[in-house]
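User: Please take a close look at the surroundings of the ligand in this model for me. After that, carry on along the chain from there and tell me what sits where.

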Amino acid sequence: MPSISRRLYKAVFFCLFVLGVAGLRPALAETLFVVLSADGQKQFAVTEEVIDKVGTTSFKSVLPSTDEPFYVVRGPLLRDIVAASGFKGSSVTVQAFDGYEMDIPGDDYMKNDVILAIETNGKRLTRRDRGPAWIAYPSVEFPEFQGDGYAARSVWQVKDIIVK
Ligand SMILES: Nc1nc2c(c(=O)[nH]1)N[C@H]1C(S)=C(S)[C@@H](COP(=O)(O)O)O[C@H]1N2
Ligand SMILES: [Mo]
């Protein structure tokens, strides 16, 4: 008797495990934004899984066009996302869902912790609040990033990153 219930228990546990993993897959596979090679021929989809793999960084940032003096932002480093894509280049062009686009020099993200913020003040960004990702500079610790040039590079609603 105990061995049967033990086997049943194991079988139920196994089924729940399989269902759990299967249920998680679509969420992990969902593409937030895409990294492209300079010629546009190769694409690397940045999913939740990719972000889990490269990890995230958090700091305070003054975000342009907002009401708060600063936000606590969190997201993967831009240089880690570029490295994960495998595409080589010395700058990126970031294109947003609203059609805005801006070049970001490699020096910015190689020498500094520039992130693709997917979270502000602990809350995930949706496209409605300028997600899925927002280029953020560590502009509280380094106020030189509060200038107009860097505000223009603080692209929200990131859709594509072209490595050039
Ligand atoms: N997706 C997206 N990001 C963007 C913009 C935009 O229009 N769309 N404007 C940029 C510019 S030019 C600046 S100066 C800052 C702040 O925009 P603001 O003019 O609304 O303050 O956001 C930058 N990020
Ligand atoms: Mo601007």
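Analyst: Polar contact here is a pair of N or O atoms within 3.5 Å; inside the protein, one atom must be able to donate a hydrogen and the other to accept it, and sequence neighbours count only if both atoms are side-chain atoms. This is a predicted model, in which local features need pLDDT of at least 70 and side-chain atom pairs pLDDT 80 or more, while totals for chains, interfaces and linings use all residues. Residues count from 1 along each chain as its sequence is written, chains are lettered from A and ligands numbered from 1 in the order written, and side-chain values use heavy atoms, without hydrogens and water.

Let's start at ligand 1. Its neighbours (a heavy atom within 4 Å) come from separate parts of the sequence: Pro64 and Ser65, then Ala96, Asp98 and Tyr100, and finally Ala151, Ala152, Ser154, Val155 and Trp156. Three of these residues are worth a closer look. The side chain of Ser65 puts an N or O atom 2.7 Å from an oxygen of ligand 1. Asp98 handles a nitrogen of ligand 1, with a polar side-chain atom 2.7 Å away. Ala151 uses its backbone instead, where an N or O atom lies 3.5 Å from an oxygen of ligand 1. On its own, ligand 1 would expose 520 Å², and the protein buries 65% of that (Shrake-Rupley areas, 1.4 Å probe).

Stay with Ser65 for a moment, since there is more to say about its backbone. Ser65 sits in the loop between strand 3 and strand 4 (71–75); strands are DSSP E runs of at least two residues, helices H or I runs of at least four, both numbered from the N terminus. With 56% relative accessibility, Ser65 counts as exposed (over 50%; buried is under 20%, partly exposed in between, for protein chains only and a 1.4 Å probe). Keep in mind that this figure ignores the ligand as cover, as only the protein chains shown count for residues. Phi of Ser65 is near 65°, so you have a positive value in a residue that is not glycine.

Asn121 shows a positive phi too, about 50°, and it isn't a glycine either. You'll find Asn121 in the loop between strand 8 (119–120) and strand 9, partly exposed at 48% relative accessibility. Further along, the peptide bond from Gly131 to Pro132 is cis, with omega near 5°. Pro132 belongs to the loop between strand 9 (123–124) and strand 10 (134–136). Most residues other than glycine have a negative phi, and most peptide bonds are trans.

Now for a loop with its own polar contacts. Ser37 and Asp39 share the loop between strand 1 (31–36) and strand 2 (43–47). Ser37 is buried, with a relative accessible area of 6%, whereas Asp39 is exposed at 52%. Their side chains meet in a polar contact of 2.7 Å. The Asp39 side chain also reaches the backbone nitrogen of Gln41, at 2.9 Å. Asp39 has a partner in space from far along the chain as well: the C-alpha of Lys164, 125 residues away in sequence, is 8.5 Å from that of Asp39.

Gly55 gives you another loop position, between helix 2 (48–54) and strand 3 (57–61). Gly55 is partly exposed, at 26% relative accessibility. Its C-alpha is 17 Å from that of Ala27, and the two are 28 residues apart in sequence.

Last come two helices. In helix 3 (residues 78–85), the buried residues include Leu78, Ile81, Val82 and Ser85. These four lie on the same side of helix 3, because they cover an arc of only 100° around the axis (taken from the directions from the axis to the C-beta atoms). Just past the end of helix 3, Gly86 adopts a positive phi of about 85°. Asp108 is part of helix 4 (residues 106–111) and is buried, with a relative accessible area of 6%. Between the C-alpha atoms of Asp108 and Arg79 there are 9.5 Å in space and 29 residues in sequence.

To come back to your ligand, keep Ser65 in view when you turn the model: its side chain has an N or O atom 2.7 Å from a ligand 1 oxygen, and its phi is positive, near 65°.
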